[in-house]
Amino acid sequence: MKFFVDTADTNEIRDLAATGLLDGVTTNPSLVLKSGKNFIPLIEEICGIVDGPVSAEVAATDYETMWKEADKLRQIADHVAVKVPLTPAGLKVCKKLSDEGTMVNVTLCFSAAQAILAAKAGAAFISPFVGRLDDVGEEGMNLIADIVEIYANYPNFQTEVLVASIRNPMHIVNSAKLGADVITCPPSVIRQLYQHPLTDKGLANFVEDWKKTGQSIL
Ligand code: E4P
């Protein structure tokens, strides 16, 4: 399972990249706004930190402008995944980019039907938003189960299931149980994965007992 971080905060990205466990980055217009940085130099900076896919999202909603934006974004680096919304214009851009060998992340997916369209359009990633479905009283993980099952029926679909809008560690554990390819989540949720009170308690005991031995390994 690949881990992407969903942030435009380059300090956080550097910090997580140093763990060696980070496989990519996703951004969106709201995260760019939060960063307070200029978009193009920001994506250039992120691409310099992480070797894996870096999702950069188009801003336009019409096909012509979206295509021009996508074309500009893909020139930043080979590992930019152009992020497009799951709309007719977005999928048209996706098909053209994919045919030309550019990675595309299709975002704002809320149904299995939409995920089928994205795979047919050659998306490298489909981003179903589990947290936002949970927020409106639907079970977000059911959508992941449906997409994983459907894609498995069609080995010619190359699209990876990138679980997005993750709110907690159980979203990640359940995504792994279902065989999702990638998760993207805020830095805080990645850090939560390390935590267990019994780990802290056990380590405190070991440190204390080791001191009592009076020994040193080095
Ligand atoms: C995915 O690529 C999106 O940027 C993201 O996961 C959205 O998450 P949110 O629902 O927490 O805004």
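**Helix packing, nonpolar cores and local backbone features**

In the predicted model, helix α8 (residues 140–152) and helix α9 (residues 169–178) approach each other with their axes within 10 Å, crossing at roughly 20°. Since angles under 35 degrees count as roughly parallel, α8 and α9 are therefore roughly parallel to each other. The crossing in which α8 passes α9 is right-handed. On the α8 side, the contact is formed by M141, I144, A145 and V148, and on the α9 side by H171, N174, S175 and L178. Classified by residue type, this contact of α8 with α9 comprises five nonpolar and three polar residues, with no charged residues.

A further helix pair is formed by α1 (residues 10–17) and α3 (residues 39–49), whose axes lie 10 Å apart and pack at an angle of about 10°. This angle makes α1 roughly parallel to α3. Here T10, I13, R14 and A17 of α1 meet L42, E45, I46 and I49 of α3. The contact of α1 with α3 contains five nonpolar residues, one polar residue and two charged residues. Charged residues thus number two in the contact of α1 with α3, whereas the contact of α8 with α9 has none.

With regard to the chain as a whole, 11 helices and eight strands are present. Along the principal axes, the C-alpha atoms fill a box of roughly 70 × 40 × 30 Å. The chain has 218 residues, of which 46% count as buried. When contacts between residues at least 6 apart in sequence are considered, 55% of them join residues at least 24 apart.

The largest nonpolar core consists of 62 residues, and those with the most contacts inside this core are V84, V106, I126 and V161. Helix α8 gives the most to the core, contributing six residues. The surroundings of I126 were examined individually. With neighbours within four places in sequence left aside, I126 is in contact with L86, V106, C109, A115, A118, I147, Y151, T159, E160, V161 and L162. Two of these partners, V106 and V161, are themselves listed among the core residues with the most contacts. A second core, separate from the largest one, has six residues, including F4, A81, F125 and V182.

Strand β5 (residues 104–109) holds T107. With a relative accessibility of 1%, T107 counts as buried, because the cut-off for burial is under 20%. Residues up to four places away in sequence not being counted, T107 touches E57, K83, V84, P85, L86, S127 and F129. One of these partners, V84, is listed among the residues with the most contacts inside the largest nonpolar core.

Positive phi values in residues other than glycine were found at L108 and S165. L108 is also located in β5, and phi of L108 is near 65°. At 33% relative accessibility, L108 counts as partly exposed, whereas T107 in this strand is buried. For S165, phi is near 60°, likewise a positive value in a residue other than glycine. S165 is situated in the loop between β7 (160–163) and α9, and S165 is buried, its relative accessible area being 9%.

How values were computed: Residues numbered from 1 in each chain as written. Predicted model: local features only at pLDDT ≥ 70, side-chain atom pairs only at ≥ 80, totals over all residues. Heavy atoms only, no water. Axes fitted to C-alpha atoms, helices over the stretch in contact; angles between N-to-C directions. Helix = DSSP H or I, 4+ residues; strand = E, 2+ residues; numbered from the N terminus. Parallel < 35°, antiparallel > 145°, perpendicular 65-115°, else oblique. Left-handed = near helix turned anticlockwise from the far one by under 90°. Contact = heavy atoms within 4.5 Å. Nonpolar A, V, L, I, M, F, W, Y, C, P; charged D, E, K, R; others polar. Core = buried A, V, L, I, M, F, W, Y, C linked by side-chain atoms within 4.5 Å. Buried < 20%, exposed > 50% of the residue type's maximum accessible area, 1.4 Å probe, protein only.
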